[in-house]
Amino acid sequence: MTEGTAEQGTESPTGGKPRLKEYDGEGITVTFEPRRCLHAAECVHGLPEVFDLSRRPWVLPDAAVPERVAEVIRRCPSGALQYHPAAGVGAEEAPDVPTTVRRKPSGQLMVRGDLLVAGEQGVRHETRALLCGCGASANQPYCDHSGPCAEPDDDVAEER
């Protein structure tokens, strides 16, 4: 297992490919795009033996079976975590059918399905994304909690 930065180009405000951190395991590789992480904590709550913010590297893909790691990664609403199974071990993530779009009380758009998302990095194929609904994100079209969606209680519209 290695922790590396698979910088397929560097991230810049003017575009380019996103900065990815890659964690290789025997049966699965986990990638993490820090700018998209909104700290929903689905990963650390779902598999603390794999995802532990108190250690380096914080992702140990071999600490659980690849199918379980993939299952927990699919819970990541922002799409910051992705996975790629080793050859012959499992399948790539299948998009939800039908595609769903849900507006959160804060205005973010939670989208799941077979997506083509156009942004600074060009057009990206996605299965999960949390898109900015207020226009304040510096990581358009993805939400980065820099606008009204950074309010303390996303679930109470009157408090925004």
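Buried means under 20% relative accessible area, and exposed means over 50%. Partly exposed lies in between. The model used in these exercises is predicted.

**Exercise 1.** Classify R36 and its partner E33: buried or exposed?

*Solution.* Step 1: take R36. Its relative accessibility is 2%, so R36 counts as buried. Step 2: take E33. Its relative accessible area is 2%, so E33 is buried. Step 3: look at the pair. The side chains of E33 and R36 meet in a salt bridge of 3.7 Å, N to O.

**Exercise 2.** Find the salt-bridge partner of D96, and say which parts of the chain the pair ties together.

*Solution.* Step 1: recall the principle. Side chains of opposite charge can pair when their charged atoms come close. Step 2: apply the cut-off, a Lys or Arg nitrogen within 4 Å of an Asp or Glu carboxyl oxygen. D96 pairs with R112, with the closest N and O atoms 3.1 Å apart. Step 3: locate both. D96 lies in the loop between β4 (81-85) and β5, and R112 in strand β6, so the pair ties together parts that are 16 residues apart in sequence. Step 4: widen the view. Salt bridges with shared partners also join E33, R36, R124 and E126 into one network.

**Exercise 3.** Describe the surroundings of Y23.

*Solution.* Step 1: place Y23 in strand β2, residues 19-24. Step 2: check accessibility. The relative accessible area is 0%, so Y23 is buried. Step 3: find a contact. The side chains of Y23 and W58 make a polar contact of 3.1 Å. Step 4: compare sequence and space. Y23 and P61 are 38 residues apart in sequence, yet 6.9 Å apart in space, C-alpha to C-alpha.

How values were computed. Residues are numbered from 1 along each chain as its sequence is written. This is a predicted model: local features need pLDDT of at least 70, side-chain atom pairs count only at pLDDT 80 or more; totals for chains, interfaces and linings use all residues. Side-chain values use heavy atoms; hydrogens and water are left out. Helices (H or I, at least four residues) and strands (E, at least two) are DSSP runs, numbered from the N terminus. Buried means under 20% relative accessible area, exposed over 50%, partly exposed in between (1.4 Å probe, protein chains only). A polar contact is a pair of N or O atoms within 3.5 Å; within protein, one must be able to donate a hydrogen and the other to accept it, and residues adjacent in sequence count only if both atoms are side-chain atoms.
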